[in-house]
Amino acid sequence: MEGKRNKRKQGPGFMRFYRPNFLLRSFVPDSIWTTPESGVLVTIDDGPSGRNTEAILRALREVNCTAVFFCTGKNADDNQNMVQEIKAEGHEIANHGWNHSKHIFMNRSELEKSIITTSKLLSGITGEAVTFYRPPYGLPGIYQNRILKKLKMKNVMWSLLSYDFEGNDVLSREIISEELRSDDIVVFHDNEKSSKVFPEILYYLAEVAEKKKYKFADARCLK
Ligand SMILES: [Zn+2]
């Protein structure tokens with residue numbers, strides 16, 4: 001089943017994996033991969049960019065969806081008012097490390113510092129403890145499980161990648177129309193590469209979800 005679901009398609013020069021494979025799943029077993037009760041959960045990584053964030057917030061309002069924003073500490077520091085705005089609109093603020101460097105190559109103290117510094121900054125802005133973390137590039141460091149446990153945080157992975165970062169509208173539409181399931185955690189990005197496709201593709205996601213009679217999950221559903 002898993003093999004069938006994790007369908008691979010030929011792209012220009014490489015294979016794309018829309019769904020996490022068994023290896024990744026077994027490496028971080030204490031993680032959230034799908035929504036706890038059915039509902040499509042929109043997650044947005046790498047922001048707030050400050051350039052595309054307003055458009056993203058508008059699109060989320062228009063399709064009546066709340067999302068989890070996995071912010072980098074660096075971007076949150078540069079765009080503190082945006083973090084406040086995201087929070088004020090009912091979305092969840094989560095931790096994506098300080099500067100999007102690869103956590104998989106960090107030693108324990110570097111990784112801990114990246115996570116703690118980011119959480120401190122985010123909770124300083126929102127006044128709320130940060131509970132959720134997602135590693136940059138989806139690549140968990142080997143110390144991650146222990147550190148998150150100590151900090152009482154949860155690792156949130158995904159079940160469907162939109163490939164918005166390829167900036168190919170046809171590809172992202174195809175993934176959404178063919179793959180979307182009722183309990184998917186879908187990944188989008190608030191960065192320059194993805195801005196060609198996202199948030200426009202969010203309207204398409206809402207259409208597909210409606211056709212399939214799926215609802216959006218509330219951003220707070222992970223708690
Ligand atoms: Zn990222």
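**Backbone oddities in the loops**

Hi everyone, let's start at Pro-48, which sits in the loop between strand E4 (41-45) and helix H3 (53-62). Please keep in mind that this is a predicted model. As a bit of background, most peptide bonds are trans, and most residues other than glycine have a negative phi. With that in mind, have a look at the bond leading into Pro-48: the peptide bond from Gly-47 to Pro-48 is cis, with omega near -5 degrees.

Stay in that loop for a moment, please. Asp-46 also lies between E4 and H3, and although Asp-46 is not a glycine, its phi is positive, at about 85 degrees. Is Asp-46 buried or exposed? Asp-46 counts as buried, because it has 21 C-beta neighbours inside 10 Å and the cut-off for buried is 20 or more.

Now let's move along the chain to Lys-152. You'll find Lys-152 in the loop between helix H7 (144-150) and strand E8 (154-156). Lys-152 is not a glycine either, yet it has a positive phi of about 55 degrees. Its surroundings are as follows: Lys-152 has 8 C-beta neighbours inside 10 Å, and since 12 or fewer means exposed, Lys-152 counts as exposed.

My last stop is Pro-199. Which residue is joined to Pro-199 by a cis peptide bond? That would be Phe-198, and omega for the bond is about 15 degrees. As for where to look, Pro-199 is in the loop between strand E10 (185-189) and helix H9 (200-211).

That's my tour, and thanks for listening!

Note on methods: Residues are numbered from 1 along each chain as its sequence is written. This is a predicted model: local features need pLDDT of at least 70, side-chain atom pairs count only at pLDDT 80 or more; totals for chains, interfaces and linings use all residues. Helices (H or I, at least four residues) and strands (E, at least two) are DSSP runs, numbered from the N terminus.
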